[in-house]
Amino acid sequence: MISRRLSTILILGSVAMLATAQVWLSHIRYELSLETSRVQKEQNELKREMHQLNLELASLTRPERLRKIAQTELGMAPPLPIQVVRP
Amino acid sequence: MSRFAKDQQDRVFIRRRLEAVAGLVAVGFLLLTIRAVDLHWLQADELQAMADRQHFRQFESVAPRGPIVDTHGRTLSESIEVPSIAAIAREVPKADVTKLADALGITEKRLTKKLSRNKGFVWLARQVSPATAEKVMALNVEGVRQESEWRRFHPLGPEIGHLLGFVGIDGDGLEGVERNFNDKLSGTPGIRLVQRDARGHSLPGGSWLKQPAMGKTVQLSLDSTIQSIAYAALADGIRQQNAKGGSVVVMRPKDGAIVAMANWPGFNPNSFGKHKPGEWRNRVITDVFEPGSTLKPFTIAAALDSGKWKPESRVFCEDGKYQVANHTIHDDHQEGWLDLTGLISRSSNIGIAKVALDIGSERLYNMLAEVGFERRSGIGLSGESPGIIPPIGRWGPVETANIAFGQGIAVTPLQLATAFCVLANGGNYVAPKLLAEQPASQPRRVMPAKTAQTIITMLEAATGPNGTGGKAVPAGYRVAGKTGTAQKPSADGSYEDDKFTAVFAGIAPADNPELVVIVVIDEPQESIYGGQVAAPVFRNIVATALPYLGISPNQSGASEWQLLNTSLSNSSELVSRHSLIRLSLREARSIASARGFQLRTHGTGWISRQEPSSLDSVVSGDLVEVWLNE
C-alpha cells in the first residue's frame with residue numbers, strides 16, 4: 001500500500017520536475033534567441049562600420065590629399081633625383 | 001387534476017427537456033465534427049500555409065558588392081549601407097506633403113508627382129544622407145519608412161573614374177571595371193527562414209534557404225600612387241598648354257601590368273549623373289589617334305630585321321622635301337645624310353619613308369601587326385578599339401611612306417604602350433593585364449633581342465642633346481623615348497590645319513626598363529610639338545614614380561652632382577629671385593628645393609652663369625643648369 005503511494009508520489013514528482021524543466025528550458029531558449037538576434041544585429045553593425053572605416057581610410061590617405069598636405073602644411077617637396085640616395 | 005397526473009406531466013416535460021438538450025448537444029457535436037473535418041481536412045492546406053506565414057518569416061539578407069583595390073590593397077571602390085526613404089503612397093496624408101517635401105529637400109510638386117505615380121510602394125528619395133533620413137523619420141509621417149541600400153563610393157574620385165566606371169542605383173556596374181567585372185563583384189543575397197513567437201521575436205534554429213555571399217574583391221595591377229602622380233602631371237601639362245584633353249598610360253613591361261591609366265578632363269564616378277555619357281569614356285582604350293613619329297622606331301626595327309639595314313646605314317634626307325608618287329613629304333628640319341640613329345633622333349619623315357619603301361610594305365605591316373597594333377589587347381574592358389591599319393592590299397608607295405612615320409594609321413594609347421613594352425622587353429610581346437592576380441602572358445618573341453636593344457639605344461639618343469625629346473629626361477635617370485606630333489584627321493578625310501596631337505612614348509630607365517609611359521595631349525595651344533608638350537609630362541611622371549618604386553638615380557656621373565649634405569635654408573627673399581648668379585651653391589640648392597626645380601651644377605665656387613638665364617619661366621620639375629667659378 002505504502003509502496004503504491006510512494007510510486008504515485010514519485011511519478012507525480014517526476015512529472016512536475018520535468019514540466020518545470022521544460023518551462024525553464026523554453027525560457028532559456030527564448031533568452032538565447034533574443035541574445036542571438038542582438039549579437040547578429042551587432043555583427044551587421046560592425047560589418048557596416050568596417051565598410052565605412054575602409055572608405056574613410058581610403059579617402060583620408062588618397063595620394064592627392066597626402067601630397068597637398070605634405071606640400072602646403074608640412075612644406076615638403078618631391079625628392080629630387082640627387083636627394084634619392086637609397087630609395 | 002390529480003397529483004399523480006401532475007407528476008406524470010412534469011416527468012414527461014423534464015424528459016423532453018433533457019431530450020431537447022441532448023439533441024442540441026448532439027447537433028452541437030455534429031456541427032463541431034463537421035467544422036473539425038472542414039478545418040483539418042478540407043481547408044487544411046490553406047490554413048497551414050496561413051499559419052506558416054505567421055510563424056515563419058523569410059528575411060532577405062543583402063550581400064554587399066565586393067571592393068576594388070589597387071596592387072597594394074588600397075581601396076579604390078567600396079560599398080556602404082545608406083538610408084533611402086520610401087512610402088506606401090495611399091497612406092501618406094495630404095496634409096503632411098509640404099513638411100515631408102521640405103525635409104526631403106525636394107519641391108512639393110515633385111513629391112506629389114512621386115506619390116501619385118503608384119498607390120502602393122514608391123521611392124521618395126534614394127541613397128540620402130543619414131542626416132536627411134533622420135530628419136524625415138523624425139516627422140513620423142504615416143506610410144513613410146526608411147529602407148537600407150548599398151551605395152558605391154570611389155574615394156579617388158576623378159583621378160581614376162574612367163577606369164573604374166560606376167554602379168547604377170540598383171547596384172549593377174554600368175561602366176569600366178565595375179561593369180566588366182560585375183559578376184565577380186556582385187554579392188549574392190541570402191534568404192533566411194526564421195520561426196517567430198507570438199510577440200514576433202525570432203526563435204532560434206532558423207535556417208538559410210540560400211546562403212548570402214559578399215561579392216569578391218577585384219585587385220587591379222594599378223598603383224594608386226602612380227595613378228595620382230600621372231593624373232596630376234597630365235592635368236598640369238594640359239593646363240600649361242591650354243589643351244583640350246589628354247591621356248596617360250603607365251605599364252610595367254616585365255609582366256604587362258597596367259600601373260596607371262588616366263584621362264583628362266577627369267570624370268567623377270561618385271556623381272556620374274552630372275557628366276555627359278561621352279565623358280565617361282576611357283579614352284586610353286576607346287580613342288584612336290595618329291601616332292606620328294612615335295611609330296618610327298618600329299619602322300626602323302622592321303628595317304634592321306630585314307637584314308638590309310644596319311644602325312650605321314645612311315640615308316639622304318633630301319633637304320626637307322621628297323616626292324613619293326604624286327605626294328610630297330616634308331621634314332620640319334631640313335636634313336642631309338643621316339644614319340638610322342639620326343633618323344630617330346632628328347625625327348626625319350623623309351628618311352624613314354625611304355627606308356620603308358626600300359624594305360617594302362609587307363615587312364612594315366608584319367612588324368606593326370606583331371607588336372599589337374591591329375588587334376584589341378584583351379585587358380577585359382569593353383569598348384576597346386582595335387585601332388585602324390589599312391588592309392595591306394591597299395598599301396601603295398604613298399601609304400607605305402606615310403604609315404612609316406605614323407600617318408594614315410590610328411592606334412590607342414594602350415596599343416602604343418604595349419608596343420613600346422616589346423622594345424623594353426628585349427623584343428618579346430607581353431599582353432597587357434589589368435588584374436593583379438592574372439599571371440603574365442607567355443612572352444612571344446616578335447623581334448630579335450639585339451634589334452630591340454639597338455632601337456632603345458637610338459631612342460636614348462632621341463632624348464639626348466641632339467634629339468627632339470630632351471625635355472623628357474629627369475636629371476639622374478636615363479630615358480629612351482620618342483616624341484610625336486600629328487595633325488588630327490578632319491571629318492572630310494583630310495587633315496585639320498590647326499589641330500594637333502602631341503605624343504611622347506618613353507621607357508625608363510633606359511638601361512633596365514621598369515616603366516613604359518605614353519603621354520598623349522589633344523589639341524595643345526601653346527606649342528604643338530610632342531617634345532615641348534608631352535615630353536615634360538613624361539619627365540614629371542617618371543621623376544616622381546621611379547624614386548617611389550625604389551629605383552635609384554644613375555650615380556655614375558657623381559662628379560656632375562655636387563652632392564651636398566647641407567641643411568637647406570628657406571628664405572623667402574632668396575626664393576623669389578629671378579636669377580641664381582653670384583649665389584653660393586648652398587643658396588642655389590635652397591631655392592631649387594623651395595621651388596621644386598632640379599639643379600645641375602658644374603665647377604665649384606660662386607654661380608657665374610645659368611641656363612635658362614631667367615627663373616621666371618621655370619616651373620616645378622624643370623632642370624636648371626648652373627656653372628660655378630672660384
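Biologist: Hello! How many residues of chain A are in contact with the 35 residues of chain B?
Modeller: This is a predicted model, where local features need pLDDT of at least 70, side-chain atom pairs count only at pLDDT 80 or more, and totals for chains, interfaces and linings use all residues. Residues are numbered from 1 along each chain as its sequence is written, while chains are lettered from A and ligands numbered from 1 in the order in which they are written. Two residues are in contact if their C-beta atoms, placed from the backbone, lie within 7 Å. On that basis, 35 residues of chain B meet residues of chain A that number 25.

Biologist: Which element gives the largest share of the side of chain B that touches chain A?
Modeller: At least two residues each come from β3 (75-88), β7 (202-210), α9 and α18 of chain B; helices (H or I, at least four residues) and strands (E, at least two) are DSSP runs, numbered from the N terminus. The largest share, 5 residues, belongs to β3(B).

Biologist: What is the radius of gyration of chain B?
Modeller: The C-alpha atoms of chain B fill a box of roughly 160 × 65 × 45 Å along the principal axes. The chain has 20 helices and 22 strands. The globule rule (2.2 Å times the number of residues to the power 0.38, with the radius taken over C-alpha atoms) gives 25 Å for 630 residues, so chain B is more spread out than a compact globule, with a radius of gyration of 38 Å.

Biologist: Which strands stand at the edges of the sheet of 5 strands in chain B?
Modeller: This open sheet has the order β10-β9-β19-β18-β17 (chain B) and antiparallel pairing, where strands pair if DSSP finds at least two bridges between them. Two of its strands have a single partner each, so one side of each is left without a neighbour: β10 (257-264) and β17 (480-489) of chain B.

Biologist: Which residue of β19(B) is the bridge partner of Met251(B)?
Modeller: Strands β9 (residues 245-252) and β19 (residues 515-522) of chain B run antiparallel and are joined by 7 bridges. Within β19(B), Met251(B) has as its partner Val516(B).

Biologist: Which helix packs on this sheet, touching β9, β10 and β19 of chain B?
Modeller: The helix spans residues 224-241, and its direction makes about 30 degrees with that of β10(B). Such angles run from 0 to 180 degrees between N-to-C directions, with axes fitted to C-alpha atoms, for helices over the stretch in contact. The helix is α9 of chain B.

Biologist: Are α9(B) and α18(B) roughly parallel or roughly antiparallel?
Modeller: The axes of α9(B) and α18 (residues 530-548) of chain B are 9 Å apart, at an angle of about 155 degrees. Angles under 35 degrees count as roughly parallel, over 145 as roughly antiparallel, 65 to 115 as roughly perpendicular and the rest as oblique. The two helices are therefore roughly antiparallel.

Biologist: Which residue of β22(B) stands opposite His602(B)?
Modeller: An open sheet of 3 strands has the order β20-β22-β21 (chain B), with mixed pairing. In it, β20(B) and β22 (residues 623-629) of chain B pair in the parallel sense over 5 bridges. Opposite His602(B) stands Trp627(B).

Biologist: And which helix packs on that sheet?
Modeller: The helix touches β20, β21 and β22 of chain B, and its direction makes about 160 degrees with that of β20(B). The residue that follows this helix is Gly596(B), with a positive phi near 80 degrees. The helix is α20(B).
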